Amino acid sequence: LANKLLKKRLAEDGYFDLPHTPGLFKHATRPVQFTLVVDDFGIKYTGKENLDHLLNAVRKHYEISVDEEGSLYCGITLKWNYEAGYVDISMPGYVQKQLTKYNHPSPSKPQHCPYEPSPIKYGSASQDVLPHDDSPPLDKDGIKYLQQVIGSFLYYCRATDTTIPHALSELASEQSHATENTLKKCKQFLDYMATHPDATIRYYASDMILNVHSDASYLSSKDSKSRASGYFFLGSIPQDGKPIKLNGAIAILCTILRFVAASAAEAELGALFLNAKEARIMRLTLHELGHPQPPTPVHIDNSTTVGIVNNTVKRQKSRSMEMRYFWLLDRHVQKEFNFQYQPGQENLADYQSKAHLGSHHTSVRPFYLLTPESPRYLPRAVKPSVRRGCVDQRKSPYVRKAPLPTLTRVPRVDRHSSAAAA
């Protein structure tokens, strides 16, 4: 009722909510847009007189306080640098507050792995079903503790820390039948948060073109399930042979596929389906914000999946795949998406699709969160077709088939130079 009354009062001064994005408002003629979350307004405007028009419209009916620097919104701290063209977001002190709440002590040694990966298996055993957890089940208090930890860090994960979605997803999938081993994994997760308490994401000014990296991990979850992941960021249209200009993630997808995939291609197709559904909503929001989108570039590291959605391969043997996945073909024909095959080494969604060792987390952390070593560009990996028939002699920052390059050859962020801004 309060929300309906607010809309009615704002409509008197020319403000209305947009149809496809709940909480997004704009003025009929003035260059003013704002988001409304409960009682917090996040305002984008051009010209002080247009800001005053909105504030006066609200002050007619409500008492308000104004932070013109925009330093805090929905519990997220924002540090703006307009000259260099970027903003840093973080939630300082939040992790420490949660660790104190759960009486979790500081680890005796740094923990760089939020969730312990399963032992590596080679050959045909690599696709074996994960072993059943035979440890004693947790009591009601233990399950409640686990649920509280997951809930406490879920918002922090979605807002500022893109390194923990997989760990939280795995813990959440086990909470209904949690065991002593699940509690140990939860303690390891808290050790990781104590080691890396204050995550920061930097967003650069860009062309506001939505980019999507899609990936899947075949049979990596319990009960023969596969995991889907996606990395969404705003940048430019990628061009072959030219480095990708990186930007902070605006969304991360990390979930377990509902259906058991019969092949890696079907798992990739299922992940692509979920990512495309999320991207379609983001395209609408960006359009309503005033940023019309070309066909959204989607990076996929499975050539069979790309052939299916681009309708360049015969699909007789793909009829057993989930039928609704083929909705992607319609989206491609309508030019909403541009599905591209790119090597898995440069796929930013690979990180959230599976558990990794602590050394890998440490190596790739600068690609996802702001650190002194964070690169501004992602070099392109060499496609297999380029190496076909001969030995590739070109120097590459990528080591073997490991995802993401080594940082010693990647340009670093210059915090004091406006030249680093997009």
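**Exercise 1. Describe how α4 and α6 pack against each other in this predicted model.**

*Solution.* The axes of α4 and α6 come within 11 Å of one another and cross at roughly 35°. These two values are the appropriate ones to give, because a pair of packed helices is described by the angle and the distance between the axes. The handedness follows: α4 passes α6 in a left-handed crossing. Next come the residues. From α4, Y145, L146, V149, F153 and Y156 take part, and they meet T182, L183, C186, K187, F189, L190 and M193 of α6. By character, the residues of this contact divide into ten nonpolar, one polar and one charged.

**Exercise 2. Identify the elements that build the largest nonpolar core, and state which of its residues touch the most other members.**

*Solution.* The core contains 32 residues. Those that touch the most other members are V149, F153, Y156, I164, F189 and M193. At least two residues each are supplied by β6 (76-81), β7 (86-90), α3 (94-101), α4 (140-159), α5 (165-174) and α6 (180-195). The greatest contribution is that of α4, with eight residues. To follow one member in detail, take F153: leaving aside residues up to four places away in sequence, F153 touches V95, Q98, I164, L168, F189, L190 and M193. A second core, separate from this one, has 28 residues, among them L272, L286, V306 and L329.

**Exercise 3. Trace the pairing of strands β2, β3 and β4.**

*Solution.* Begin with β2 (residues 24-27) and β3 (residues 32-37), which pair in the antiparallel sense over three bridges. They form a hairpin with four residues between them. Within this pairing, K26 has Q33 of β3 as its bridge partner. Proceed to β4 (residues 40-45), which runs antiparallel to β3 and is joined to it by six bridges. Here Q33 has K44 of β4 as its bridge partner. The hairpin of β3 and β4 has two residues between the strands, and V38 takes a positive phi near 60° in it.

**Exercise 4. Decide whether S226 is buried or exposed, and describe its surroundings.**

*Solution.* S226 lies in strand β10 (residues 225-235). Its relative accessible area is 0%, and the limit for a buried residue is under 20%; therefore S226 is buried. Its contacts, not counting residues up to four places away in sequence, are S217, Y218, L219, S220, T255, I256, L257, A261 and A267. Of these, A261 is 35 residues from S226 along the chain, while the C-alpha atoms of the two are separated by 6.8 Å.

Technical notes: Residues numbered from 1 in each chain as written. Predicted model: local features only at pLDDT ≥ 70, side-chain atom pairs only at ≥ 80, totals over all residues. Heavy atoms only, no water. Core = buried A, V, L, I, M, F, W, Y, C linked by side-chain atoms within 4.5 Å. Buried < 20%, exposed > 50% of the residue type's maximum accessible area, 1.4 Å probe, protein only. Contact = heavy atoms within 4.5 Å. Axes fitted to C-alpha atoms, helices over the stretch in contact; angles between N-to-C directions. Left-handed = near helix turned anticlockwise from the far one by under 90°. Nonpolar A, V, L, I, M, F, W, Y, C, P; charged D, E, K, R; others polar. Pairing = 2+ DSSP bridges.
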